[in-house]
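I opened this one to see what sits where, going from the ligand outwards. My notes follow in the order I looked things up.

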Amino acid sequence: MPAPAAIYVHIPFCPYVCPYCDFAKWPYRQSWAERYLDALEAEILAAPQLAGTSLFLGGGTPNTIPAERLVALVRRLRTRFDLEPDAEVTLEVNPDRALCEAFEAYRAAGVNRLSIGVQSFERQELQTLGRRHDASDVAEVTARARAAGFADLSFDLIFAVPGQTLASWQASLDAAIRLEPDHVSTYGLTIESGTPFAAWHACEPGAFVEQDLEAEQYEASIERLTRAGFEHYEISNFAKPGHRSRHNQNYWRNGEYLGLGVGAASFLRGTRSVHTRDLGGYVRAALAGEPIPGTSERLDGPARVGEATMLALRTAEGVDLQAFRERYQIDFLASYDAPIRALEGAGMLEVTPTHVRLTHGGRFVANDVCSEFIA
Ligand code: SF4
């Protein structure tokens, strides 16, 4: 029986490049995209036999690819990895009206969830982020998605945008809630080295949101979205009941996944590997049938448990003590006695008879808390 795994496919082309973005991405060019899709097909052919549990096409902006090619790719992946008819199939889309005219075709190919890169509803913030859509585009694209039969829509929103206030962030949250998505992801802007935003930050740090305001914005996300009926099920993710992302839950449970495409990451049989972010290098290797250049590391023993802890602590359930005992053969409370006591004493962790999880306060410093379990 093929082993189960979530399948991720990276489509690295965008209609334009945003100044804060650190993903593997390039402006769309038809000739590049065609060669890339050929390379992807070669990698799909050579991939290990796995039973796909979910499929996620991310980027980049997958809906820059011509609809017929994208539809063919989805159908190909569903067959190749033997996905169940009701498996979650997510497509990331940019809410540019011109790129959102094939929702019926995506739906017919088996895509059942759209993750829409909304980012903000405020014109000035969208301009700062280099985005070319506006609030009316998001409303129109959402309506088109519903009309095409999508029952699972997720919005991505960004806080801590330069110039953003608490009130303008709250206005974006409220605008999102009014459009009734089933899922919302809220991310604090991070300054990634090598991006235009990093250069701007180096010249003018005062233009960027301070930590206290960022914390208030995060608090506002939790308050407004939970009041609107969303479950805060992971640090950055909120879902209406029954609409959690199955694909991402597999990551947080430290499940296996296969990543295809430039810069994509995989975790299979205890080894984590990441493909090169060199587009030419990826395409050449895939078309030649050679191993894709990149890095890989074996995660064994404490490294594996540390990784699993970090991922589990991001979720509302936290570390399931029984599941950790069965999967990693460890008594979690005994193995991490010192950091658990210290973090519980500091009000960052809550320990129950069955779980260890972040407190409300712990969610604001999650990276610091998690790092205590990585060493
Ligand atoms: S559209 Fe998304 S992936 Fe593309 S450049 Fe902008 S942020 Fe990056």
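**Ligand shell**

I started with the ligand and listed the residues around it: Cys 14, Val 17, Cys 18, Cys 21, Phe 23, Lys 25, Gly 59, Gly 60, Thr 61, Asn 94 and Gly 117. Worth keeping in mind as I go: this is a predicted model. I then sorted the shell around the ligand by class and got five nonpolar, five polar and one charged.

**Odd backbone spots**

Two of the shell residues, Gly 59 and Gly 60, turned up again when I went through the peptide bonds. The bond joining Gly 59 and Gly 60 is cis, with omega at about 20 degrees. I placed Gly 60 in the loop that runs between strand S4 (50–59) and helix H2 (67–80).

Next I checked phi. Glu 180 isn't a glycine, yet its phi is positive, at about 55 degrees. I found Glu 180 in the loop between H6 and S8. I noted both spots because most residues other than glycine have a negative phi, and most peptide bonds are trans.

**Around S7 and S8**

That loop took me to the strands. I saw that S7 (residues 153–159) and S8 (residues 183–188) run parallel, with six bridges joining them. For a register check, I took Ser 154, which stands opposite His 183 in S8. What handedness does the β-α-β unit of S7, H6 and S8 have? I got right-handed, with helix H6 covering residues 166–178.

S8 also pairs with strand S10 (residues 237–239), and here the two run antiparallel, joined by three bridges. Ser 185 has Asn 237 in S10 as its bridge partner.

**Domains**

I pulled up the domain split: the protein chain has domain 1 at 3–252 and domain 2 at 301–374. Their centres, taken over C-alpha atoms, are 28 Å apart. Then I looked at where they meet, and found eight residues of domain 1 in contact with eight residues of domain 2. Which elements supply at least two residues each on the side of domain 1 that touches domain 2? They are helix H8 (211–227), strand S9 (231–234) and helix H9 (246–252). S9 gives the largest share of that side, three residues. By class, I get six nonpolar, one polar and one charged residues on that side of domain 1.

**The S15-S17-S16 sheet**

My last stop was an open sheet of three strands, ordered S15-S17-S16, with antiparallel pairing. Why is one side of S15 and of S16 left without a neighbour in the sheet? Strand S15 (319–320) and strand S16 (349–351) stand at the edges and have a single partner strand each, so there is nothing in the sheet on the other side.

I followed S16 into strand S17 (residues 355–358): the two run antiparallel and are joined by three bridges. In one of the pairs, Glu 350 has Arg 357 in S17 as its bridge partner. Finally I checked helix H14 (residues 337–345), which lies across S16 and S17 and runs at about 110 degrees to S16.

Definitions and conventions:
Residues are numbered from 1 along each chain as its sequence is written. This is a predicted model: local features need pLDDT of at least 70, side-chain atom pairs count only at pLDDT 80 or more; totals for chains, interfaces and linings use all residues. A residue is near a molecule or strand if its C-beta atom, placed from the backbone, lies within 6 Å of it. Ala, Val, Leu, Ile, Met, Phe, Trp, Tyr, Cys and Pro count as nonpolar, Asp, Glu, Lys and Arg as charged, and the others, Gly among them, as polar. Domain bounds come from an automatic or database domain assignment. Two residues are in contact if their C-beta atoms, placed from the backbone, lie within 7 Å. Helices (H or I, at least four residues) and strands (E, at least two) are DSSP runs, numbered from the N terminus. Two strands pair if DSSP finds at least two bridges between them. A crossover is right-handed if, with the strands pointing away from the viewer, the path from the first strand over the helix to the second runs clockwise. Axes are lines fitted to C-alpha atoms, for helices over the stretch in contact, and angles run from 0 to 180 degrees between N-to-C directions.
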